[in-house]
Amino acid sequence: MRVIGIETSCDETGIAVYDDKLGLLSHTLYSQVKLHADYGGVVPELASRDHVRKIVPLIRQALADANCSQDDIDGIAYTKGPGLVGALLVGACVGRALAFSWGKPAVGVHHMEGHLLAPMLEDDVPEFPFLALLVSGGHSMLVAVEGIGRYEVLGESVDDAAGEAFDKTAKLMGLDYPGGPRLAKLAAQGEPNCYRFPRPMTDRPGLDFSFSGLKTFAANTIAKEPDDEQTRANIARAFEEAVVDTLAIKCKRALKQTGYKRLVIAGGVSANQRLRSSLADMMQSLQGQVYYPRGEFCTDNGAMIAYAGMQRLKAGQIEDLAVKGQPRWPLDTLPPVD
Ligand code: KG4
Ligand code: ZN
């Protein structure tokens, strides 16, 4: 089976062709970062319009790169939610329309299921069951995964997502959007132990997260410290360590609770090197294993949508002709595939 995947939930237009025997045949990505940078964050209406501009040329390119035509495609997978409704509708309209005109089945994919399954695009594939730490710009969650569509959300953020906390704190430091990777770069120049940020909600039981207090703590620290590059780097480092520590503490707790030995990390923040190495060390000491996608598949992309969509198309989960976007969509309401 060969599936074309379409991702348009936020500020990246991602298209990919995935074949179940040959693997990933092509993937194209257009990032709108420059478009939104002047505004310090994603402007939803501008995002929708830019997806409209880019989606068809990128689909043509992805097909050409995969050396195939519409006749070689067996199904179309598009991100149905969660995300920005206008942006989602662009992918849903195009995906649905292509499916209709090509006479192929279409499936609407849950964006976070796409992230969760992104490590399956790599050679070293995790077996079920595993614990998934999903950390993106819009969501932070810990999920017990027993199979595709067999998800139990064990904990999630009660306020800002981890990526959102990175982006907001970066903005306070005068770093451009999207601030997460820029803050991480600055933190690499920081000295350890200059500041001690709290580890929110780790002093009580439970697996939920709260990151908005860290941003306030950062704002207060920035206000009372000198405004020079090294100080900002030291603050960035302390902030990053607090986020990473908090996520690691909650992962350890969830692994203990579930008894699982495998940990998957995915979503934009899983590109963070300090997070990766901290969780790798932790899993080594627990004699378990950690899995994550390559850097470019941590953030939004079409490949993860093609892969997740293929699993659902194989299970006969086909959408009707309606064009549907679902801006809010709890992950644990998805049906299993077997
Ligand atoms: O998964 P993603 O591309 O989009 C959403 O589904 O939200 O995640 C984007 C988020 C942004 O908040 C971005 O700042 C963050 O991931 N991010 C990082 C890093 N790379 C991306 N945060 C920290 N360190 C990084 N290296
Ligand atoms: Zn995402």
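Biologist: What makes the backbone of Gly-180 a polar contact of ligand 1?

Modeller: In this predicted model, a backbone N or O atom of Gly-180 lies 3.2 Å from an oxygen atom of ligand 1. A polar contact is a pair of N or O atoms within 3.5 Å, so the pair qualifies. Local features need pLDDT of at least 70, and side-chain atom pairs count only at pLDDT 80 or more; side-chain values use heavy atoms, with hydrogens and water left out.

Biologist: Which side chains have an N or O atom 3.0 Å from ligand 1?

Modeller: The side chain of His-115 has one at 3.0 Å from an oxygen atom of ligand 1, and that of Asn-272 has one at 3.0 Å from a nitrogen atom of the ligand. The protein buries 87% of the 550 Å² that ligand 1 exposes when taken alone (Shrake-Rupley method, 1.4 Å probe).

Biologist: Why are His-111, His-115 and Asp-300 called donors of the zinc ion (ligand 2)?

Modeller: Donors are N, O and S atoms within 2.8 Å of the metal (3.2 Å for Na, K and Ca). The NE2 atoms of His-111 and His-115 and the OD atom of Asp-300 lie 2.0 to 2.1 Å from the zinc ion, so they meet the criterion. Water is not among the atoms, so the site may look incomplete.

Biologist: How do you know that His-111 and His-115 are buried?

Modeller: Buried means under 20% relative accessible area, exposed over 50%, partly exposed in between (1.4 Å probe, protein chains only). His-111 is at 6% and His-115 at 1%, so both count as buried.

Technical notes:
Residues are numbered from 1 along each chain as its sequence is written. Chains are lettered from A and ligands numbered from 1 in the order in which they are written. A polar contact is a pair of N or O atoms within 3.5 Å; within protein, one must be able to donate a hydrogen and the other to accept it, and residues adjacent in sequence count only if both atoms are side-chain atoms.
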